[in-house]
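Here's a quick walk through a structure you may not have met before. Have a look at it first, and then we'll go through the fold, the ligand and one helix.

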Amino acid sequence: MAGQSAQPFSLLLMRKLLPVILLVFLFVSCHSEKELKIGVAVYDFQDSFITEVREAIMECSENDIPVTIVDAAGKQQTQNEQIERFINNGYSAIIVNSVDRTASGVIIEKCRQSNVPLVFFNREPVRDDMAKWDKVYYVGARAEDSGRMAGELMAEYWELYPHADRNGDGAMQFVVIKGETGHQDTELRTEYFIDTLLEKGLRLEKVHEDTGDWTRSGGYSVMTSMLLRSGDRIEAVFANNDDMALGALEALQEYGYFSTKGFMPVIGIDGTPVGQAALDNGMLLATVFNDAGNQAKAAYRIAAALAEGREPVSEAIGYDIVDGRYVWIPYRPMPGRLLQDR
Ligand code: GAL
Ligand code: CA
């Protein structure tokens with residue numbers, strides 16, 4: 001006691017304060033030097049459209065906050081573990097394209113507990129899950145618009161080419177090759193495609209509907225079995241995406257379409273590079289452009305703002321944020337040759 005009180009006041013102050021000053025200094029320097037990084041968890045690297053989005057995300061990250069992109073290969077369990085690893089490894093924000101969109105609630109809860117902001121894209125979490133935390137955003141495209149546009153393109157073809165009614169019964173015998181079951185794009189694209197044709201006054205007969213799981217091989221095998229069952233009765237094909245449409249085109253060619261049996265109208269969605277090539281060579285009647293580049297940019301910019309602790313407002317992001325946490329990137333109709341050269 002006596003020794004301590006003998007020390008000059010300033011020295012005493014220094015001895016007491018120094019550790020505190022050091023701590024503050026350490027905290028500040030660690031904090032400002034903390035490397036920002038964004039984790040991106042994707043449902044399946046095999047998916048063509050998602051591949052375009054992830055390549056565009058990589059481009060956005062050049063000279064900006066770096067990203068680590070991981071593949072769940074179609075397994076939600078794998079994705080949950082990947083997200084946990086991102087959290088444990090100090091990632092500043094996470095972009096998620098969930099395997100099963102009903103699993104989003106669990107992901108949101110995990111991130112909320114560790115305060116790691118989240119941006120979902122392409123697979124929309126249900127509203128109840130989105131409401132669980134305010135640092136959760138969604139970037140996507142309105143599936144109903146793409147279905148409506150596909151319907152309008154098909155109706156236009158039907159009106160322009162009377163021979164499209166192959167059996168001359170006044171009704172369109174059509175098939176739908178659906179995407180993954182339960183995906184919002186699958187259900188809404190199909191529903192709005194049909195509703196639009198009905199609104200336009202077409203008489204419809206759905207011959208078959210089956211799922212091709214977004215893949216080219218799925219589209220091929222579903223179309224093959226539809227042709228085996230209903231052969232010449234089919235007059236039009238709507239595939240929920242371009243990859244399945246391309247698979248269907250292969251099956252149709254093997255069956256004699258685009259040669260002896262003539263043209264078969266097939267419409268897809270996405271406008272992927274391979275889809276656009278099929279438009280250009282006149283095989284695909286039409287597609288609807290699903291804007292991978294802008295979905296990637298919006299998701300990345302929101303994640304980057306959140307990572308830096310900024311609020312992602314529309315002005316800073318460059319995209320309209322609606323309802324506080326949604327960005328909707330518009331679809332665009334892409335008519336092929338038959339609908340252009342009139
Ligand atoms: C859709 C897209 C499909 C597929 C799917 C994956 O928006 O049209 O091709 O990529 O997302 O969730
Ligand atoms: Ca007919």
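## Around the ligand

Let's start with the company that ligand 1 keeps in this predicted model. By class, its shell splits into four nonpolar, four polar and four charged residues. The residues surrounding ligand 1 are Asp47, Phe49, Ile50, Asn122, Arg123, His183, Asp185, Trp214, Asn241, Ile269, Asp270 and Asn290.

Where do these residues come from? Domain 1 (36-141 + 291-330) and domain 2 (144-289) each give at least three residues to the shell around ligand 1.

## The chain as a whole

Stepping back, the protein chain has 14 helices and twelve strands. It runs to 342 residues, and 45% of them count as buried.

Now for the contacts in the protein chain: taking those between residues at least 6 apart in sequence, 74% join residues at least 24 apart.

## A closer look at H3

Helix H3 covers residues 48-61, and its length checks out: at 1.5 Å a residue, its 14 residues should span 20 Å, and the end C-alpha atoms are indeed 20 Å apart. Two residues of the ligand 1 shell, Phe49 and Ile50, are also among the buried residues of H3. Glu52, Val53, Arg54, Ile57, Cys60 and Ser61 are buried in H3 too.

What covers those buried residues? The cover includes strand S1 (38-42), strand S2 (67-71), strand S4 (118-121) and helix H12 (292-307). Just after H3 comes Asn63, with a positive phi of about 60°.

Key. Residues numbered from 1 in each chain as written. Chains lettered and ligands numbered in written order. Predicted model: local features only at pLDDT ≥ 70, side-chain atom pairs only at ≥ 80, totals over all residues. Helix = DSSP H or I, 4+ residues; strand = E, 2+ residues; numbered from the N terminus. Buried ≥ 20, exposed ≤ 12 C-beta atoms within 10 Å, placed from the backbone. Contact = placed C-beta atoms within 7 Å. Near = placed C-beta within 6 Å. Nonpolar A, V, L, I, M, F, W, Y, C, P; charged D, E, K, R; others polar. Domains from an automatic or database assignment. Expected span 1.5 Å × (residues − 1).
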